[in-house]
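Reader: I have a protein model open on my screen and would like to go through it with you. Could you take my questions one at a time?

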Amino acid sequence: FITRDIDHDYYINYSQFYAFGEAIKAMRESEDTLFVIPDAYLLYYQGNVKNDNKMLFFYSWMSLVWELNDPVVEKFKTDPPAFFYCDCDEKTVYSYSDAYYQLIRDGSKTPLWVLKDKFASLNEEQKNKLRFFHFQLE
């Protein structure tokens with residue numbers, strides 16, 4: 001038999017989206033929005049944050065369809081979301097904007113990005129909430 005650490009298993013497998021949602025909730029202002037690639041619906045609910053555009057999800061193939069991608073690109077130019085969750089590579093994030101800071105949790109890069117200006121303006125209470133959920137603040 002394998003000895004299992006149930007607490008560790010639950011932390012690894014189930015706490016990620018909860019922590020991301022709580023991080024968004026800790027940092028957000030009432031007018032802030034979130035954009036998600038490809039899909040992570042729980043973040044909207046857990047983070048108590050609004051969707052940035054008409055698309056609740058955005059899969060990689062959608063970027064190849066100009067009718068779907070152009071409004072997203074334009075939104076990033078004119079009114080970028082405060083938070084960007086992208087379960088993708090950094091190249092995809094930077095194709096939309098280089099104005100984001102990638103959050104680090106437990107020593108690893110996460111798919112959660114926040115506008116650099118917003119991240120730089122966090123107060124100590126917000127930083128402490130992020131630290132509670134194991135985010136590193138460099």
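Reader: What sign does phi have at His 134, just after H6?
Author: In this predicted model, His 134 takes a positive phi of about 70°, and this residue comes just after H6.

Reader: And which residue caps the N-terminal end of that helix, H6?
Author: That is Asn 123, which has a side-chain oxygen 3.0 Å from the backbone nitrogen of Glu 125, while the helix itself covers residues 124-132.

Reader: Switching topic, is Thr 110 buried or exposed?
Author: Thr 110, which has its place in strand E5, is buried, because its relative accessible area is 6%, and the cut-off for buried is under 20%.

Reader: What does its side chain have as polar partners in the backbone, then?
Author: A polar atom of the Thr 110 side chain lies 2.8 Å from the backbone oxygen of Leu 103, and a polar atom of that side chain also lies 3.2 Å from the backbone nitrogen of Leu 112. Leaving aside neighbours within four places in sequence, the contacts of Thr 110 include Phe 20 and Phe 135.

Reader: Which residues touch the most other members of the largest nonpolar core?
Author: Of its 24 residues, those are Met 27, Leu 34, Phe 83, Tyr 85, Leu 103 and Phe 135. The largest share of this core, five residues, comes from H1.

Reader: Where is confidence lowest?
Author: It is lowest in H1, at a mean pLDDT of 84, and highest in helix H5, at 97, whereas the protein averages 91.

Definitions and conventions: Residues numbered from 1 in each chain as written. Predicted model: local features only at pLDDT ≥ 70, side-chain atom pairs only at ≥ 80, totals over all residues. Heavy atoms only, no water. Polar contact = N/O pair within 3.5 Å; in protein donor to acceptor, adjacent residues only side chain to side chain. Helix = DSSP H or I, 4+ residues; strand = E, 2+ residues; numbered from the N terminus. Core = buried A, V, L, I, M, F, W, Y, C linked by side-chain atoms within 4.5 Å. Buried < 20%, exposed > 50% of the residue type's maximum accessible area, 1.4 Å probe, protein only. pLDDT = per-residue confidence, 0-100. Contact = heavy atoms within 4.5 Å.
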